[in-house]
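Visitor: I would like a close look at a single part of this protein. Pick one residue, please, and build the picture outwards from there.

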Amino acid sequence: MNLESGKIFVGGLSQQVTSSILMEYFLQFGVILDAVVMYDNVSGRSRGFGFVTFRDPKTVEIVQNITPHIIMGKIVDCKRASPRNTNLMIKEYFEDVTENESTPENSNNAVTKGIKNVSKIFVGGLPDLTLEEFKIYFQRFGNIKDAVLITDKNNGRPRGFGFVTFETVDAVNNVTKFYSNHYLKGKWVECKRALPRDGI
């Protein structure tokens with residue numbers, strides 16, 4: 001059996017993620033033969049990526065079809081790995097990180113920084129659901145400080161939108177990164193950073 005066919009590359013890991021934590025997360029998908037986080041030989045710090053090898057190669061497809069993958073509050077990138085493309089994937093991963101860090105959105109512009117530091121999101125186009133269902137969906141992206149569904153002041157009926165306040169800005173980044181993939185009860189909902197004008 002070719003073990004490489006059941007191997008995935010996992011990028012975007014936080015510094016706190018160890019090989020054990022990596023294995024613990026991916027065990028939910030299938031039997032793991034190996035899980036390793038790559039470290040810098042000089043500094044001993046995590047390089048932000050690792051590899052997981054499953055016993056059954058079909059598990060790789062399952063992992064790729066489920067998004068997002070969040071480990072310790074941070075969305076990670078999972079791709080099938082092979083001897084021929086592993087080095088290329090690592091190179092592309094670091095190029096993407098460098099590019100993202102140099103974009104205008106990540107500049108020192110005061111307005112941009114203010115927007116990026118928002119830990120609250122607006123959620124529009126909501127179906128009929130309870131506050132508990134609303135919170136359960138967004139808990140996967142990070143710890144929630146507060147969540148509210150807006151209702152009409154006159155008749156108490158839901159107005160189809162709400163707000164979620166997270167404990168960290170990273171959680172908001174996790175949500176907005178998957179803008180097109182948020183579905184509640186089969187209905188797509190719009191999630192965006194809640195700017196002052198979006199306030200209640």
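Guide: Let us start at F134. Keep in mind that this is a predicted model. Leaving out residues up to four places away in sequence, F134 touches V123, L126, L129, A147, V148, L149, G162, F163, V164 and L184. Find F134 in the structure and pick out these neighbours one by one.

Now widen the view to the core. The largest nonpolar core has 21 residues. F134 is among the members that touch the most other members. I121, V123, F138, V164, F166 and L184 belong to that group too. Three of these names, V123, V164 and L184, also appear among the contacts of F134. In soluble globular proteins, nonpolar side chains tend to be buried together.

Which elements feed this core? At least two residues come from each of β6 (120-124), α5 (131-138), β7 (144-151), β8 (158-166) and α6 (169-177). A second core, separate from this one, has 18 residues. Among them are V37, F54, V60 and V63. We will return to that part of the chain later.

Next comes the sheet beside F134's helix. Four strands make an open sheet, and their order is β7-β8-β6-β11. The pairing is antiparallel. The edges belong to β7 and β11. Each has a single partner strand, so one side of each is left without a neighbour in the sheet. On average, neighbouring strands here are turned by 20° against each other, direction ignored.

Follow the pair at one end. Four bridges link β6 and β11 in the antiparallel sense. One pair to look for is I121 with its bridge partner R193 in β11. Then turn to the helices. α5 packs on this sheet and touches β6, β7, β8 and β11. The direction of α5 makes about 135° with that of β7. α6 packs on the sheet as well, touching β6, β8 and β11. Its direction makes about 140° with that of β11.

Stay with R193 for a moment. R193 lies in strand β11, which covers residues 190-193. Is R193 buried or exposed? Its relative accessible area is 15%, so R193 counts as buried. The cut-off for buried is under 20%. The side chain of R193 also has a polar partner: a contact of 2.7 Å joins it to the side chain of N173. N173 falls within the range of α6 (169-177).

Now move to the other sheet. Five strands form an open sheet in the order β2-β3-β1-β5-β4, again with antiparallel pairing. β2 (32-39) and β4 (69-71) are the edge strands, and each pairs on one side only. Neighbouring strands are turned by 30° against each other on average, direction ignored. Helix α2 (residues 58-65) packs on this sheet. It touches β1 (7-11), β3, β4 and β5, and its direction makes about 140° with that of β5.

Look at the strand pairs in turn. β1 and β5 run antiparallel and are joined by four bridges. Here V10 has C78 in β5 as its bridge partner. β4 and β5 (residues 74-80) also run antiparallel, with three bridges between them. H69 stands opposite V76 in β5, and I71 stands opposite K74. β4 and β5 form a hairpin with two residues between the strands. There, M72 takes a positive phi near 55°.

One more residue deserves a stop: S46. S46 sits in strand β3, residues 46-54. Its relative accessibility is 8%, so S46 is buried. The side chain of S46 reaches the backbone nitrogen of G48 at 3.0 Å. Beyond residues up to four places away in sequence, S46 touches S14, Q15, V37, M38 and Y39. V37 is one we have met: it belongs to the second core.

Finally, step back to the whole protein. It has six helices and 11 strands. Of its 200 residues, 38% count as buried. Among contacts with a separation of 6 or more, 62% join residues 24 or more positions apart. The accessible surface comes to about 12,000 Å², and carbon and sulfur atoms account for 49% of it.

Terms used
Residues numbered from 1 in each chain as written. Predicted model: local features only at pLDDT ≥ 70, side-chain atom pairs only at ≥ 80, totals over all residues. Heavy atoms only, no water. Buried < 20%, exposed > 50% of the residue type's maximum accessible area, 1.4 Å probe, protein only. Polar contact = N/O pair within 3.5 Å; in protein donor to acceptor, adjacent residues only side chain to side chain. Contact = heavy atoms within 4.5 Å. Pairing = 2+ DSSP bridges. Axes fitted to C-alpha atoms, helices over the stretch in contact; angles between N-to-C directions. Core = buried A, V, L, I, M, F, W, Y, C linked by side-chain atoms within 4.5 Å. Areas by Shrake-Rupley, 256 points an atom, 1.4 Å probe, with all protein chains shown as cover.
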